[in-house]
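Subject: Structure handover and findings

Hello,

Here is the structure I said I would pass on. My notes on what was found in it come below the model.

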Amino acid sequence: MKFCTNCGTQMEDTVKFCPNCGTPNNASDAQPQAPMQNGYQQVIYQKPKRPGKGLGIASLVLSIIGLVYCWSILFASIAFCAVSHGLNWDSITVYDVAELEQELQEFDIDIDFDITSSDIETLGESLELVVKIGFCVVVAIVSIFSILAFIFSLVSRKKGYKCGISTAGFVMSIIGLAVYALSFVIVILA
């Protein structure tokens, strides 16, 4: 037995039209409708689904975390650039190393430094390179927050959740990625 989708009258499955109101009977409609009570059909309100809402919120949260980290990394890269340009490895001379040997011998510490000024310069350049590589690795790891925020915001928007949260996550992730790229370039060029 089925019910009419228009008036709620009970009717046989084989009937093509409702005997009460004449509405066509859709045989493909397998779920019965609730009958009318007191002349009114009961309407059940369902909240509309918002696909992608969770991804939009995740995008916003991750982009905020990414922005906090990206600004601190930008300031660190600027500080690194200032420090690396302020260091002059040529100013450390062999004389300074010899003087250090003498001072250590006064305390009965016998260390023979066989270091030339070119060795000191090479050591300084190597240290700078290690710090640059380490900094770039940190930038790459921390930029994952902005990358994930960017991906989540795109997926959220593709699923139809095109509200402010998803858009804010998208915009902030783009800003974060731009700042990470700027920090990376500053350190590489330093």
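The notes start with the overall make-up and then go through helices, contacts and aromatic pairs.

Overall make-up

Please keep in mind that this is a predicted model. The protein has 5 helices and 2 strands, and read from the N terminus the order of the elements is β-β-α-α-α-α-α. Of its 190 residues, 25% are buried. The accessible surface is about 12,900 Å², and carbon and sulfur atoms account for 65% of that area. Among contacts with a separation of 6 or more, 68% are between residues 24 or more positions apart.

The nonpolar core

The largest nonpolar core contains 15 residues. Within this core, the residues with the most contacts are C70, I73, F135, V139, Y180 and V187. At least two core residues come from each of helix 1, helix 3 (117-142) and helix 5. As general background, nonpolar side chains in soluble globular proteins tend to be buried together. C70 is in contact with G176, V179, Y180 and S183, if residues up to four places away in sequence are not counted.

Helix 5

Helix 5 is made of 26 residues, and the distance from its first C-alpha to its last is 37 Å. That is close to the 38 Å expected at 1.5 Å a residue. Buried positions in helix 5 include S166, G169, M172, S173 and G176, and further along V179, Y180, S183, I186 and V187 are buried as well. The contacts listed above for C70 include G176, V179, Y180 and S183, and these four are among the buried residues of helix 5.

Helix 4

The 15 residues of helix 4 should span 21 Å at 1.5 Å a residue, and the end C-alpha atoms are indeed 21 Å apart, so the two values agree. S146, A149, S153 and S156 are buried in helix 4. These residues lie on the same side of helix 4 because they cover an arc of only 90° around the axis. Just after helix 4, G160 has a positive phi of about 105°.

S153, which is placed in helix 4, has a relative accessible area of 0% and is therefore buried. What does S153 touch, not counting residues up to four places away in sequence? The contacts are S59, S166, G169 and F170.

Two residues of helix 1

L62 lies in helix 1. With a relative accessible area of 15%, L62 is buried, because the cut-off is under 20%. Not counting residues up to four places away in sequence, L62 touches F145, L148, A149 and F152. L62 and F152 are 90 residues apart along the chain, and their C-alpha atoms are separated by 9.1 Å.

S77 is also found in helix 1, and at 0% relative accessibility S77 counts as buried. Leaving aside neighbours within four places in sequence, S77 is in contact with F135, S183, I186 and V187. The C-alpha atoms of S77 and V187 are separated by 5.8 Å, with these positions 110 residues apart along the chain counted as their distance apart.

Aromatic pairs

How many aromatic pairs does a search of the whole structure find? The search finds 2. In the pair of Y69 and F145, the ring centres are 5.6 Å apart and the planes are at 20°, so this pair is stacked. Because Y69 lies in helix 1 (residues 53-86) and F145 in helix 4 (residues 144-158), the pair ties together parts that are 76 residues apart in sequence. Y69 counts as partly exposed, at 38% relative accessibility, and F145 counts as partly exposed at 28%.

The pair of F150 and F170 is also stacked, with 5.5 Å centre to centre and 25° between the planes. This pair links distant parts of the chain, with F150 in helix 4 and F170 in helix 5 (residues 164-189), 20 residues apart. F150 has a relative accessible area of 25% and is partly exposed. F170 is partly exposed too, with a relative accessible area of 27%. F170 is also one of the residues that S153 touches.

Regards

Terms used. Residues numbered from 1 in each chain as written. Predicted model: local features only at pLDDT ≥ 70, side-chain atom pairs only at ≥ 80, totals over all residues. Heavy atoms only, no water. Phe/Tyr/Trp six-rings, centres within 6.5 Å; stacked < 30°, edge-to-face > 60°. Buried < 20%, exposed > 50% of the residue type's maximum accessible area, 1.4 Å probe, protein only. Contact = heavy atoms within 4.5 Å. Core = buried A, V, L, I, M, F, W, Y, C linked by side-chain atoms within 4.5 Å. Expected span 1.5 Å × (residues − 1). Arc of directions from axis to C-beta. Areas by Shrake-Rupley, 256 points an atom, 1.4 Å probe, with all protein chains shown as cover.
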